[in-house]
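Dear colleague,

Please find below the structure that I am handing over to you, together with its sequence. My account of what was found in it follows.

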Amino acid sequence: MAREGDRGASGGAEDDPPIFNAENLQSNIKSIHYSRTFLSIIGGVIAGIWGFTGLTGFIFYFLVMAAASFGLAAKAKFSICTYFDSWNRIFLDGIFGGLMSFVLFWTYPLKTTFW
């Protein structure tokens, strides 16, 4: 993950707002998006193979996304404000974005395994 930009000429005083490098921030956000999409697909395949149906499958999806959020925070050494402008970027952004991929790859192995 890329770090934030320089703090400016004031030497990083406590009252100055953090300055982020836009390219690094965009790269970090893309990394979160790609990792959540990949984990949605893998989680959907696993949920389909294991035969999760109904609410159990959706609970599994949210557990996978919680594990992904925790993993991303651990990758950032729990110093989220160093790499992102808000903690919402890791814990909330993109959780529902991968849901359609999850459902697609959840139902396909489920259909081929049991029918």
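**Findings, beginning with F62**

F62 is found in helix 2, which spans residues 55-75. The model is predicted, and the values below were computed from it.

With a relative accessible area of 37%, F62 counts as partly exposed, because that figure falls between the 20% limit for buried residues and the 50% limit for exposed ones. Once neighbours within four places in sequence are left aside, F62 is in contact with I95 and F96. The residues F62 and I95 are 33 positions apart in sequence, while their C-alpha atoms are 8.0 Å apart in space. F62 also belongs to a nonpolar patch on the surface, together with L55, F58, I59, L63 and F96. The accessible area of this patch comes to about 640 Å² in total.

**The chain as a whole**

The secondary structure consists of 5 helices and 0 strands, so that the order from the N terminus reads α-α-α-α-α. Of the 115 residues in the chain, 28% are buried. The chain exposes about 7,400 Å², and carbon and sulfur atoms supply 66% of that area. Among contacts with a separation of 6 or more, 72% are between residues 24 or more positions apart.

**Confidence**

The average pLDDT of the chain is 80, and 79% of the residues score at least 70. Helix 2 has the highest confidence, at a mean of 91, whereas helix 3 (residues 80-83) has the lowest, at 76. Over residues 6-10 the pLDDT is below 50, and this stretch has 5 contacts in the model beyond near neighbours in sequence.

**Annotated regions**

An unreviewed UniProt entry carries the annotation "transmembrane region" for residues 34-52, 58-78 and 90-108. In the model, residues 58-78 are 86% helix and 0% strand, with the end C-alpha atoms 27 Å apart. Residues 90-108 are 63% helix and 0% strand, and there the end C-alpha atoms are 29 Å apart.

**R36 and S69**

Is R36 buried or exposed in this model? R36 is buried, because its relative accessible area is 1% and the limit for a buried residue is under 20%. This arginine is located in helix 1, which covers residues 22-50. Not counting residues up to four places away in sequence, R36 touches M65, A68, S69, I90, F91, D93, G94 and I95.

S69, one of the residues touched by R36, is placed in helix 2. At 4% relative accessibility, S69 counts as buried. With residues up to four places away again not counted, S69 touches R36, I90 and F91. I90 and F91 are thus found in the contact lists of both R36 and S69.

**Two loop residues**

F52 lies in the loop between helix 1 and helix 2. Its relative accessibility is 21%, and F52 therefore counts as partly exposed, since only values under 20% are classed as buried. Although F52 and W106 are 54 residues apart along the chain, their C-alpha atoms are separated by 8.5 Å. W106 is within residues 90-108, one of the ranges that UniProt annotates as a "transmembrane region".

F78 lies in the loop between helix 2 and helix 3. At 54% relative accessibility, F78 counts as exposed. What is the phi of F78? The angle is near 55°, a positive value in a residue other than glycine. Most residues other than glycine have a negative phi.

**In brief**

In this predicted model, F62 is partly exposed and shares a nonpolar surface patch with residues including F96. R36 and S69 are buried, and the two touch each other. Of the loop residues described above, F52 is partly exposed and F78 is exposed.

Yours sincerely

Terms used: Residues numbered from 1 in each chain as written. Predicted model: local features only at pLDDT ≥ 70, side-chain atom pairs only at ≥ 80, totals over all residues. Heavy atoms only, no water. Helix = DSSP H or I, 4+ residues; strand = E, 2+ residues; numbered from the N terminus. Buried < 20%, exposed > 50% of the residue type's maximum accessible area, 1.4 Å probe, protein only. Contact = heavy atoms within 4.5 Å. Areas by Shrake-Rupley, 256 points an atom, 1.4 Å probe, with all protein chains shown as cover. UniProt positions renumbered as here; feature names shortened; annotations may be inferred. Patch = residues over 30% accessible without salt bridge, like charges linked within 9 Å, V, L, I, M, F, W, Y side chains within 5 Å. Salt bridge = Lys/Arg side-chain N within 4 Å of Asp/Glu carboxyl O. pLDDT = per-residue confidence, 0-100.
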